[in-house]
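Me: I should like to go through the terms applied to this structure and ask what each one rests on. Please set each value against its criterion.

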Amino acid sequence: MRSQLEVAADAGDADAAFRLGRALAHCIDYTPLPGGRVSALIAELVAGAGDAIRIGGRPIGDDRNIDLLLFAHSEASRLCADTEGLRANPPAKDALYYVSLAAERGHPEAMALYPDVAFREYTSLAALVDAADEVERRRNRATQMLSAAVRAGEPAALLAMSRAHDAHGWLTPDPARALGFWLAFSETPMYRRFPDSLTSEHVRKLEQTASAEERSHARVLARELQQPAADTSKAPRQ
């Protein structure tokens, strides 16, 4: 299957390129573990760490952090099933190559994934500064791709755009847009995979960051984003 995907991707198959790019983006460092072992490891970590290890400002043993760790394992298991061969013998071309290839051919999920892989090689502020021109090019490209994926109705793009505009995102912080894209995302099937404890806390943080006027703008934006994707005349301006 892997060799077939590589041949198809190089021949211009967007879905094949996306499948390879997604696997390379998420699974190169993945270590398969049975669910029971994961629970045991988390319990050991919580017992040994106490308050010394914190996630999101909370002790690792907080129920929300347990939900986060279990969700992360579940998602990794879903995305990385049967990728042992990929880790044992990675292709010469990396995640960015294949994701870009798929995105250039109009694959909405690839366009939504592009920002996650576009800046990975810049692991420090100094690296970002040294490659400022290329970083800016990729930033502009990522913005264009996300906007196109949003117009196509891709749920992952709504989530990615919300993250891009939050306080720690790669676009200009914009509380109204961060909340609006999140509210639109919350109406998608993809959203329902996330634990309630995480989604309720996240939307609460976004609402607290936004002013009353920004929350109002966010609700309007969310309604616009939830219009049928085929109705491009009503697609929100990016």
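Me: In which hand does helix 11 pass helix 13?

Reply: In this predicted model, the crossing of helix 11 past helix 13 is right-handed.

Me: Why is helix 11 called oblique to helix 13?

Reply: The axes of helix 11 (residues 175–185) and helix 13 (residues 212–225) cross at roughly 40° and come within 7 Å. Angles under 35 degrees count as roughly parallel, and 65 to 115 as roughly perpendicular. The crossing angle of roughly 40° therefore makes helix 11 oblique to helix 13.

Me: Which residues of helix 11 and helix 13 meet?

Reply: From helix 11, Pro175, Ala176, Arg177, Leu179, Gly180, Phe181, Leu183 and Ala184 take part. Their counterparts in helix 13 are Glu214, Arg215, His217, Ala218, Arg219, Leu221, Ala222 and Leu225. The residues of this contact comprise 10 nonpolar, 2 polar and 4 charged.

Me: What makes Gly180 of helix 11 count as buried or exposed?

Reply: Gly180 is found in helix 11 and has a relative accessible area of 0%. Buried means under 20%, so Gly180 is buried. Leaving aside neighbours within four places in sequence, Gly180 is in contact with Ala218, Leu221, Ala222 and Leu225. Between Gly180 and Leu158, 22 residues apart in sequence, the C-alpha to C-alpha distance is 9.1 Å.

Me: How do you know that a disulfide joins Cys27 to Cys80?

Reply: The S to S distance between Cys27 and Cys80 is 2.0 Å. A disulfide requires cysteine sulfur atoms within 2.5 Å, and the pair Cys27 and Cys80 is therefore joined by one. The structure holds 1 disulfide.

Me: Why is the disulfide of Cys27 and Cys80 called left-handed?

Reply: The torsion about its S-S bond is about -85°, and the disulfide is left-handed for that reason.

Me: Which parts does the pair of Cys27 and Cys80 tie together?

Reply: Cys27 lies in helix 2 (residues 14–27) and Cys80 in helix 4 (residues 63–80), so the linked parts are 53 residues apart in sequence. Cys27 has a relative accessible area of 0% and Cys80 one of 2%. With the cut-off for buried at under 20%, Cys27 is buried, and Cys80 is buried as well.

Me: What makes Asp82 count as buried or exposed?

Reply: Asp82 has a relative accessible area of 71%. Exposed means over 50%, so Asp82 is exposed. Asp82 lies in the loop between helix 4 and helix 5 (84–88). Its phi is near 65°, a positive value in a residue other than glycine.

Note on methods. Residues are numbered from 1 along each chain as its sequence is written. This is a predicted model: local features need pLDDT of at least 70, side-chain atom pairs count only at pLDDT 80 or more; totals for chains, interfaces and linings use all residues. Side-chain values use heavy atoms; hydrogens and water are left out. Axes are lines fitted to C-alpha atoms, for helices over the stretch in contact, and angles run from 0 to 180 degrees between N-to-C directions. Helices (H or I, at least four residues) and strands (E, at least two) are DSSP runs, numbered from the N terminus. Angles under 35 degrees count as roughly parallel, over 145 as roughly antiparallel, 65 to 115 as roughly perpendicular and the rest as oblique. A crossing is left-handed if the near helix is turned anticlockwise from the far one by less than a right angle, and right-handed if clockwise. Contact means heavy atoms within 4.5 Å. Ala, Val, Leu, Ile, Met, Phe, Trp, Tyr, Cys and Pro count as nonpolar, Asp, Glu, Lys and Arg as charged, and the others, Gly among them, as polar. Buried means under 20% relative accessible area, exposed over 50%, partly exposed in between (1.4 Å probe, protein chains only).
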